[in-house]
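Biologist: I've got the sequence and the structure open side by side, and I'd like to know what the labels really rest on. Can you take me through it?

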Amino acid sequence: MALNIKSLKPRGDGTTLVDSKDTYADLALDFSMDSPGGSNQLFAKSTKKDLKRSTDYEAISNSFTNIFNTSPGQKILNPGFGSDLRYYLFQPVNEETGKLIGDVILKSIKLYEPRVKIKDIMVTARPDQNEYQIDIYCLIPSLQNKSFKYNGTLTDQGVTSSY
């Protein structure tokens, strides 16, 4: 089922919500507000956007986080999507498990994120915190092969990023 979002279509004045200078633009599906809103905004003369969007690097970072936090079988229309990294939190937190996590990350990104070329993946075990630090270095061919670094932490809450 496709989403038909009217705010992404050209407006009467020819402008759109999506800026044409952005190579990639995704909707941030956490449905957080782009402006605070509130009752004082109810009768405002200008319309506020209610869906945030992520562009270029942020869109790719969000895609990585979605891949890492989705377990295969969770997406009904794409049951193979995801990487099930939480499984590894129940294994010993050490370098060997970190290497396995790195292999799963590489395979998942190659399969589900064609916008990037991986240069290096470093997974550092932190046994005292029961977590792994994930650093991914890649190039984005459609953005003139600019470098991109994704930083994430795998904990019992999933992967959180700070690209």
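**The core and its rings**

Modeller: Let's start in the middle, keeping in mind that this is a predicted model. The largest nonpolar core has 26 residues, and those with the most contacts inside it are F64, F68, L85, I101, I105, I136 and L154. The elements that give two or more residues to this core are α1, α2 (95-112), β3 (117-126), β4 (131-140) and β5. The largest share, five residues, comes from β4.

Biologist: What does I136 touch, leaving out residues up to four places away in sequence?

Modeller: Quite a list: F64, F68, I105, I109, I118, D120, I121, F148, K149 and Y150. A residue goes on that list if heavy atoms come within 4.5 Å.

Biologist: Why is the pair F64 and Y150 called edge-to-face?

Modeller: Two checks. Ring centres have to lie within 6.5 Å, and planes over 60 degrees apart count as edge-to-face. The centres of F64 and Y150 are 5.3 Å apart and their planes sit at 75°, so the pair is edge-to-face.

Biologist: And what makes it a pair that ties together parts apart in sequence?

Modeller: F64 lies in helix α1 (residues 56-69) and Y150 in strand β5 (residues 146-155), so the pair ties together parts that are 86 residues apart in sequence. Both F64 and Y150 are buried. A search of the whole structure finds seven aromatic pairs, and ring pairs link Y57, F64, F68, F148 and Y150 into a cluster.

Biologist: Which residue lies over the face of F81?

Modeller: That's K75, at 4.4 Å from the ring centre. The distance limit for such a charge is 6 Å, so the 4.4 Å of K75 passes that part of the test.

**Buried, exposed or in between**

Biologist: S61 is in helix α1. Is S61 buried or exposed, and how do you know?

Modeller: S61 has a relative accessible area of 2%. Buried means under 20%, so S61 is buried. Across the chain, S61 and N151 are 90 residues apart in sequence but 9.0 Å apart in space, C-alpha to C-alpha.

Biologist: Now N145. Why does N145 count as partly exposed?

Modeller: Its relative accessibility is 42%. Partly exposed covers what falls between under 20% and over 50%, so N145 counts as partly exposed. The place of N145 is in the loop between β4 and β5. Leaving aside residues up to four places away in sequence, N145 touches L139 and I140. The C-alpha atoms of N145 and K117 are separated by 8.8 Å, with their positions 28 residues apart along the chain.

**Salt bridges**

Biologist: How many salt bridges are there?

Modeller: Three.

Biologist: What makes D103 and K99 a salt bridge?

Modeller: The cut-off is 4 Å from nitrogen to carboxyl oxygen. The side chains of D103 and K99 meet at 3.6 Å, N to O, so they qualify. Both lie in helix α2, four residues apart, about one turn of the helix.

Biologist: Why do D103 and K99 get separate exposure labels?

Modeller: The line for exposed is over 50%. K99, at 54% relative accessibility, counts as exposed, whereas D103, at 40%, counts as partly exposed.

Biologist: How do you know that R115 and E113 form a salt bridge?

Modeller: The closest N and O atoms of R115 and E113 are 2.6 Å apart, and the limit is 4 Å, so the pair passes. Both R115 and E113 are buried.

Biologist: And E131 with R126?

Modeller: There the closest N and O atoms are 2.8 Å apart. E131 is buried, with a relative accessible area of 13%, while R126 is partly exposed, with 29%.

**Stepping back**

Biologist: What pattern does the protein chain follow along the sequence?

Modeller: The pattern is β-β-α-α-β-β-β-β, which comes to two helices and six strands. Buried residues make up 34% of the 163 residues. Among contacts between residues at least 6 apart in sequence, 47% join residues at least 24 apart. The accessible surface comes to about 10700 Å², of which 52% belongs to carbon and sulfur atoms.

Terms used: Residues are numbered from 1 along each chain as its sequence is written. This is a predicted model: local features need pLDDT of at least 70, side-chain atom pairs count only at pLDDT 80 or more; totals for chains, interfaces and linings use all residues. Side-chain values use heavy atoms; hydrogens and water are left out. Rings of Phe, Tyr and Trp (its six-membered ring) pair if their centres lie within 6.5 Å; planes under 30 degrees apart count as stacked, over 60 as edge-to-face and the rest as tilted. Buried means under 20% relative accessible area, exposed over 50%, partly exposed in between (1.4 Å probe, protein chains only). A charge sits over a ring if NZ of Lys or CZ of Arg is within 6 Å of the ring centre and within 35 degrees of the ring normal. A nonpolar core is a set of buried Ala, Val, Leu, Ile, Met, Phe, Trp, Tyr and Cys residues joined through side-chain atoms within 4.5 Å. Accessible areas come from the Shrake-Rupley method with a 1.4 Å probe; for residues, only the protein chains shown count as cover.
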